[in-house]
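Subject: Structure handover and findings

Dear colleague,

Please find below the structure that I am handing over to you. I should be grateful if you would read the notes that follow with the model open.

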Amino acid sequence: MASSLSNKQFIAEMIGTKRRLEDYPDRFDKNLVMHEPASLPFGGTFHGLAEFQEFYPKVREFYDFTRFELLGVFGDDEIVFATMRAGLAKSKGTIYIAEQFRFEGSVLKEVRLHICDDQAASDHLRALARQASKA
C-alpha cells in the first residue's frame, strides 16, 4: 500500500507540474507501453522512450496547456488514475482525460489514455481527421 501512495504522489507531481517522463528516469520501465486513442492525431500504441519521444511533440501541439487542469489522482495497488481537463490548441474545445498508469512496485510499466470530449472538441477532431485524409 505504501507504493500506491508513492505512485499517486509521483503522478500528481509529474502531471501537476507539467513535467515529462524523461524528468524521472528511475520511475519508468525502459520498455514502457503507452496506448493513445486512435481518434487523436497521435493515436496508437508506443513502446519505449524512443517511440514516446517521437509522438510526444504532437501531444504538445494538440493540447492548450494554458487550459490544462489536473482534477484528481486516484489509485489502488499498482493502478493509478489521473483525471484532467485540457483545452485543445486552436479550438475552444475541451477534452476530459482519464489516464491509467500501471506500476510494478514504483516502476511505471504501462499508460493508457481514455478521453471524453465536448462538441467543440469533437468538431475539431473531425476537422483534423479530414485534413489528414487529404494529405
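The notes below cover the aromatic pairs, the salt bridges, one strand pairing and the nonpolar core.

Please bear in mind throughout that this is a predicted model.

Aromatic contacts

The count of aromatic pairs comes to eleven. One of them is formed by Phe-10 and Tyr-24, whose ring centres are 4.9 Å apart; since the planes stand at 80°, and over 60 degrees counts as edge-to-face, the pair belongs to that class. This pair links distant parts of the chain, 14 residues apart: Phe-10 belongs to helix 1 (residues 2–16), while Tyr-24 is in the loop between helix 1 and strand 1 (28–36). Phe-10 and Tyr-24 are both buried. Phe-10 has a further partner, for Arg-27 lies over the face of its ring, at 4.3 Å from the ring centre.

A stacked pair is formed by Phe-46 and Phe-55, with 4.0 Å from centre to centre and 20° between the planes. Both of these residues, Phe-46 and Phe-55, are buried. They also belong to one aromatic cluster, whose other members are Phe-42, Phe-52, Tyr-56, Phe-62, Tyr-63, Phe-65 and Phe-68. Within that list, Phe-65 carries a charge over its ring: the charged end of Arg-60 sits there, 4.2 Å from the ring centre.

Salt bridges

Across the whole structure, ten salt bridges are found. Arg-20 and Glu-22 meet through their side chains, at 3.0 Å from N to O. Arg-20 counts as partly exposed, with a relative accessible area of 31%, and Glu-22 is likewise partly exposed, at 24%. In another salt bridge, Arg-67 pairs with Asp-64, and their closest N and O atoms are 2.9 Å apart. Arg-67 is partly exposed, at 30% relative accessibility.

The salt bridge between Arg-85 and Glu-69 has its closest N and O atoms 2.4 Å apart. Arg-85 lies in strand 4 (residues 79–88) and Glu-69 in strand 3 (residues 63–76), so this salt bridge ties together parts that are 16 residues apart in sequence. Arg-85 has 28% relative accessibility and counts as partly exposed; Glu-69, at 36%, is partly exposed as well. Elsewhere, salt bridges with shared partners join Asp-29, Arg-102, Glu-104, Lys-109, Glu-110 and Arg-112 into one network.

Strands 3 and 4

Strand 3 and strand 4 run antiparallel and are joined by ten bridges. In this pairing, Phe-74 has Phe-81 in strand 4 as its bridge partner. The two strands form a hairpin with two residues between them, in which Asp-77 takes a positive phi near 55°.

The nonpolar core

The largest nonpolar core has 33 residues. Those that touch the most other members are Ile-11, Leu-21, Met-34, Leu-40, Tyr-63, Phe-101 and Leu-108. Two or more residues each come from helix 1, strand 1, helix 2 (48–62), strand 3, strand 4, strand 5 (94–104) and strand 6 (107–117). In soluble globular proteins, nonpolar side chains tend to be buried together.

What does Leu-40 touch, not counting residues up to four places away in sequence? Its contacts are Phe-62, Tyr-63, Ile-95, Leu-113, Ile-115 and Leu-125. Of these, Phe-62 and Tyr-63 appear in the aromatic cluster described above.

Yours sincerely,

A colleague

Methods: Residues numbered from 1 in each chain as written. Predicted model: local features only at pLDDT ≥ 70, side-chain atom pairs only at ≥ 80, totals over all residues. Heavy atoms only, no water. Phe/Tyr/Trp six-rings, centres within 6.5 Å; stacked < 30°, edge-to-face > 60°. Helix = DSSP H or I, 4+ residues; strand = E, 2+ residues; numbered from the N terminus. Buried < 20%, exposed > 50% of the residue type's maximum accessible area, 1.4 Å probe, protein only. Lys NZ or Arg CZ within 6 Å of the ring centre and 35° of its normal. Salt bridge = Lys/Arg side-chain N within 4 Å of Asp/Glu carboxyl O. Pairing = 2+ DSSP bridges. Core = buried A, V, L, I, M, F, W, Y, C linked by side-chain atoms within 4.5 Å. Contact = heavy atoms within 4.5 Å.
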